[in-house]
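Thanks for making the time this morning. I would like to walk you through a structure that will be new to most of you, and I will go through it one topic at a time.

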Amino acid sequence: MNPGLADAGDDVTDATRGDADEVLCRGFGIAIHRRDTRTLAAEKYTNDEVLNFFLDLLEERSQKPRDSPCRCYFFITQFFDKLTAGHTGYHYEQVQRWTARENIVGFDRVFVPIHTPGD
């Protein structure tokens, strides 16, 4: 075990206790509430807010040369569902504006989170 993380379990447990509506942190236009941290427990599905916050954090860090050797672009968790909605294949028109500000071809890696329903 990493000695620097020895007490991390206590911190995570503390973050899940208390008022579910309390905002624990804000960033990237996302507020992480105490209820969101509860989705990090074992055998739970992590919610979109937590995943999108983490993906935005990774993308931000990939833009800083000292933090990452390559530039990465991360779509949000709803992207793939919108792209594949319907029964006739891909629906590019549903997501074409999602990359209007970025030329994703210029990135070294592009990440698309895909939700697969569990049992």
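**A surface patch and its surroundings**

Let me begin with Ile114, which is placed in the segment after β4, the strand that covers 109-111. Please keep in mind throughout that what we are looking at is a predicted model. Ile114 belongs, together with Val110 and Val112, to a nonpolar patch on the surface, and the accessible area of these residues together is about 220 Å².

Stepping back to the protein as a whole, the secondary structure comes to 4 helices and 4 strands, and if you follow the elements from the N terminus on, they run α-β-β-α-α-β-α-β. Of the 119 residues in the protein, 25% are buried, while the area that the protein exposes is about 9000 Å², with carbon and sulfur atoms supplying 52% of it. As for the contacts with a separation of 6 or more, 39% of them are between residues 24 or more positions apart.

That brings me to the cysteines, and to the question of how many disulfides the structure holds. The number is 0. Cys72 is in no disulfide, and the nearest cysteine sulfur, which is that of Cys70, lies 3.8 Å away; because a disulfide calls for sulfur atoms within 2.5 Å, that distance does not qualify. Cys72 counts as buried, since its relative accessibility is 6% and the cut-off for buried is under 20%. Cys25, on the other hand, is partly exposed, with a relative accessible area of 31%.

Conventions. Residues numbered from 1 in each chain as written. Predicted model: local features only at pLDDT ≥ 70, side-chain atom pairs only at ≥ 80, totals over all residues. Heavy atoms only, no water. Patch = residues over 30% accessible without salt bridge, like charges linked within 9 Å, V, L, I, M, F, W, Y side chains within 5 Å. Areas by Shrake-Rupley, 256 points an atom, 1.4 Å probe, with all protein chains shown as cover. Salt bridge = Lys/Arg side-chain N within 4 Å of Asp/Glu carboxyl O. Helix = DSSP H or I, 4+ residues; strand = E, 2+ residues; numbered from the N terminus. Buried < 20%, exposed > 50% of the residue type's maximum accessible area, 1.4 Å probe, protein only. Contact = heavy atoms within 4.5 Å.
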